[in-house]
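This report walks through one model, strand by strand and helix by helix, and then turns to the surroundings of its ligand. Please keep the sequence and the coordinates at hand while reading.

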Amino acid sequence: MSTEVTENMIELSGVQKRYLLKAALTGIDLQIKKGSIVGLLGPNGSGKSTLLKILAGLIHPTSGAIRIAGRAPDASHKKQIAYLPEIDHLYGWMTVDETLRFIAGFYDDWQADKAAELLMTMDLDGRQKVRNLSKGMRARLKLIAALSRNVPLVLLDEPFSGIDPSSRAKIIRSIVSEFQTGEQTIILSTHSVSESEPMFDEVIFLHHGSVKLFDTADNLRSSYGCSLENIWEKVYA
Ligand SMILES: Nc1ncnc2c1ncn2[C@@H]1O[C@H](COP(=O)(O)OP(=O)(O)OP(=O)(O)O)[C@@H](O)[C@H]1O
């Protein structure tokens, strides 16, 4: 993906998004370094999904500039971004194995061995029909689909939605262990701040469509003297 030498995977300058009368993003300036796991946090409606969709190239900003790996986004970028949407588009009539084979067909970078490994880590039965999966199991299947690709940028929108708290910790460990240090950048939106906190290198707190705080997780914890979960309570009090 990198045609120019740059330390940043993502650079956003003055990015705004308006849906008819609703301003979802009101001017985002951000520089996200390559090789980090970034937590995208914020209350309902703060703009997390909108920002991720813009980065995935699914929607366009109303104004502002975006650079991904040093270049303005174009059609070729989409091939190098794995995006897990908040809503799933899985086919109920397929089995889990058929779903993964179907998704694999779209991507040259699909890693079948990794998908098989994740299937075991996520405790999913490949023979089960998607329509019979619980909400949490569907969420796991979506995660396998995103994490089995060998891409420099992974965008996960609420990946733990529907997954029970004890399984979340296990899944977070598998995301961290699958993370290709130095090569990949993961941006992950979540409301599960306490469970996710250990995996974040950097954290963005969004509020009403703008960045309220952005720093390394360590700097935030040391300047506030508390956990990210407690910072959340202070920021959105
Ligand atoms: N397609 C759309 N048309 C109109 N308004 C939209 C659309 N999508 C999002 N919005 C509005 O933009 C704002 C930001 O929404 P967004 O989904 O990005 O927030 P979010 O932080 O992801 O929320 P949540 O945590 O509830 O998923 C909200 O006020 C929402 O109602």
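In β4, I68 is the bridge partner of I10, and this pair belongs to the antiparallel pairing of β1 with strand β4 (residues 63-68), which are joined by 5 bridges. The model is a predicted one; its protein chain has an average pLDDT of 91, with 97% of the residues scoring at least 70, and the predictor assigns the complex an ipTM of 0.98 and a pTM of 0.93.

Strand β1 (residues 8-19) also runs antiparallel to strand β2 (residues 22-33), to which 9 bridges join it. Within that pairing, V15 has I28 in β2 as its bridge partner. The hairpin of β1 and β2 has 2 residues between the strands, and there L20 adopts a positive phi near 45 degrees.

A further group of pairings involves β7, and the table gathers the strand pairings described in this report.

| Strands | Sense | Bridges |
|---|---|---|
| β1 and β2 | antiparallel | 9 bridges |
| β1 and β4 | antiparallel | 5 bridges |
| β3 and β7 | parallel | 4 bridges |
| β6 and β7 | parallel | 5 bridges |

For β7, individual partners can be named on both pairings: L40 stands opposite S189 in β7, whereas L153 has T185 of β7 as its bridge partner. Strand β7 (residues 185-189) is mostly covered, with 5 of its 5 residues buried. In a regular strand, side chains point alternately to one face of the sheet and the other. In β7 both faces are covered, since T185, I187 and S189 on one side and I186 and L188 on the other are all buried.

Which residues surround the ligand? They are Y19, K22, A24, G42, N44, G45, S46, G47, K48, S49 and T50. By class, this shell consists of 2 nonpolar, 7 polar and 2 charged residues. Both β2 and α1 (48-56) supply at least two residues of the shell, and α1 provides the largest share, 3 residues.

Helix α1 is itself largely enclosed by the rest of the structure, because 7 of its 9 residues are buried. The buried residues of α1 are K48, T50, L51, L52, I54, L55 and A56; of these, K48 and T50 also belong to the shell around the ligand. Just after α1, G57 takes a positive phi of about 80 degrees.

Helix α9 (residues 228-235) offers another view of burial, with L228, I231 and W232 buried. Seen down the axis of α9, the buried residues fall within an arc of 110 degrees, so they line one face of the helix. The exposed residues E233 and K234 are carried on the face of α9 turned away from its buried side. The buried residues of α9 pack against β3 (37-41), α7 (193-196), β8 (202-207) and α8 (217-224), and β3 in this list is also the strand that pairs with β7 in the parallel sense.

Is D108 buried or exposed? D108 lies in the loop between α3 (96-104) and α4 (112-121), and it is exposed, with 8 other C-beta atoms within 10 Å. D108 and R149 are separated by 41 residues in sequence, while their C-alpha atoms are 8.7 Å apart in space.

Notes:
Residues numbered from 1 in each chain as written. Pairing = 2+ DSSP bridges. pLDDT = per-residue confidence, 0-100. Buried ≥ 20, exposed ≤ 12 C-beta atoms within 10 Å, placed from the backbone. Arc of directions from axis to C-beta. Contact = placed C-beta atoms within 7 Å. Near = placed C-beta within 6 Å. Nonpolar A, V, L, I, M, F, W, Y, C, P; charged D, E, K, R; others polar.
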